[in-house]
Amino acid sequence: MWLGAHLDTLPTPALTIDRTTARRNAERMREHCRTLGVRLRPHVKTHKTLEGGLLATGGTRRGIAVSTLAEARFFADGGFDDILLAYPLPTARLEECAGLAQRLEAFHVLLDRPEALASLRQRPLAHGKRWLVWLKLDCGNGRAGVRPMDPAALELARAIANDAPEEVTLVGVYAHCGNTYGCSGADAIQAIARTTTNAVLGFVAALRQAGVPCPHASIGSTPSCSHPIPEMSQLTELHPGNYIFYDLQQTQLGSCQPQDVAIRVLTRVIGHYAHRGQLLVDCGWTALSLHGAGAGRGPQGCAAIDGHPELRLVGLTQEHGLLEHADGRMDFGKFPVGSVLALIPYHACATAAMHPVYYVHEEGQVVALWHPVRG
């Protein structure tokens, strides 16, 4: 019912996506990869939509990364294939993984423990299919993965490749340079990207010297892939995800320019409180998330008000937000009750997870509704 509607008529809070901007972001990242001579395997965890996946893959529906089995099934149902579950192998849900591996031409899993490899071997696939396995490396991010300089990493890669080649194949190594999210500016981002790339390439070289075949090497994060370095041309894949929307955090990091941010949350003014100098709006943390409020920033770290740098988000409860003027002199006449403001969220992935539908628009008119998978 909202197709063709103008944005200011939507029920709020509403998550909106500028399709022209999202398409431009997707095309730019594909061009980065074409220039490097590597494959783009877009991560779909930010938008979790078939339409976003089509934009990111250029319509091929081939070669994506997902974070959950729900995403994997959803995209498989939508005609996507060559899907990598970019998450340490959930051994308690191995039957679900096996179902996807049997169903798809290529369903890849990722592991960083010998016990996970043992689980795969205890559940061989039928009809001559083999488990397609990536080894997760930790090159400084400090989350999942084995450290490439650890001798156990080489031994695990050797075991994946050689212990049961009729059941398991080592496809490649995978590293997430999430530590770029602690950077400020392109130079710092590229320094981490260079360290990660060199660590991955060094590990692949060590594998080959040890006689262990490793066809693919992949790194990713939106900051690192938005400012690619020449050394990335020696990899085979990149796997960024947030870039299709970008967000306030990415502009602060230096990954993008403000005009590259495709996502907004629309909110209506629902009250004036002159004695406090505050506007009440109908966007609380359930429509925005609290990501960005840390390090003493408070609610104003969660979003910026588009077109109104003089306004600050100073309060967030479940369904309410409070705005103040930076100098304390709110002009309530400029923001009548019922008027619509647009918030630029700090983290698109967290904010998108709060909404069951995205209102996709061109020049302020809704042209599509995207429905993300949940679970």
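Hi everyone, this is a short walk through one sheet and one annotated region of a structure. Please keep in mind that we are looking at a predicted model.

Let's start with the sheet. It is open and has 8 strands, paired in parallel, and reading across it the order is S2-S9-S8-S7-S6-S5-S4-S3. At the edges sit strand S2, residues 39–40, and strand S3, residues 62–66, each with a pairing partner on one side only.

Now, is strand S3 mostly buried or exposed? Of its 5 residues, 4 are buried, meaning under 20% relative accessible area, so the rest of the structure largely encloses S3.

Next door to S3 we find S4, and 4 bridges link these two in the parallel sense. If you'd like a spot to look for, Arg62 has Asp81 in S4 as its bridge partner. And how do we get from S3 to S4? Helix H3, residues 69–77, joins S3 and S4 in a right-handed β-α-β unit.

Moving along the sheet, strand S5, residues 107–111, runs parallel to strand S6, residues 131–137, with 4 bridges between them. Here Leu111 stands opposite Leu135 in S6. Helix H4, residues 94–103, packs on the sheet and touches S4, S5 and S6, and its direction makes about 120° with that of S6.

Finally, a look at the record. An unreviewed UniProt entry lists residues 262–362 as "domain: D-serine dehydratase-like". In our model that span is 40% strand and 9% helix, and its end C-alpha atoms lie 11 Å apart.

That's the tour, thanks for listening!

Conventions
Residues numbered from 1 in each chain as written. Predicted model: local features only at pLDDT ≥ 70, side-chain atom pairs only at ≥ 80, totals over all residues. Heavy atoms only, no water. Pairing = 2+ DSSP bridges. Contact = heavy atoms within 4.5 Å. Axes fitted to C-alpha atoms, helices over the stretch in contact; angles between N-to-C directions. UniProt positions renumbered as here; feature names shortened; annotations may be inferred. Buried < 20%, exposed > 50% of the residue type's maximum accessible area, 1.4 Å probe, protein only. Right-handed = clockwise from strand over helix to strand, strands pointing away.
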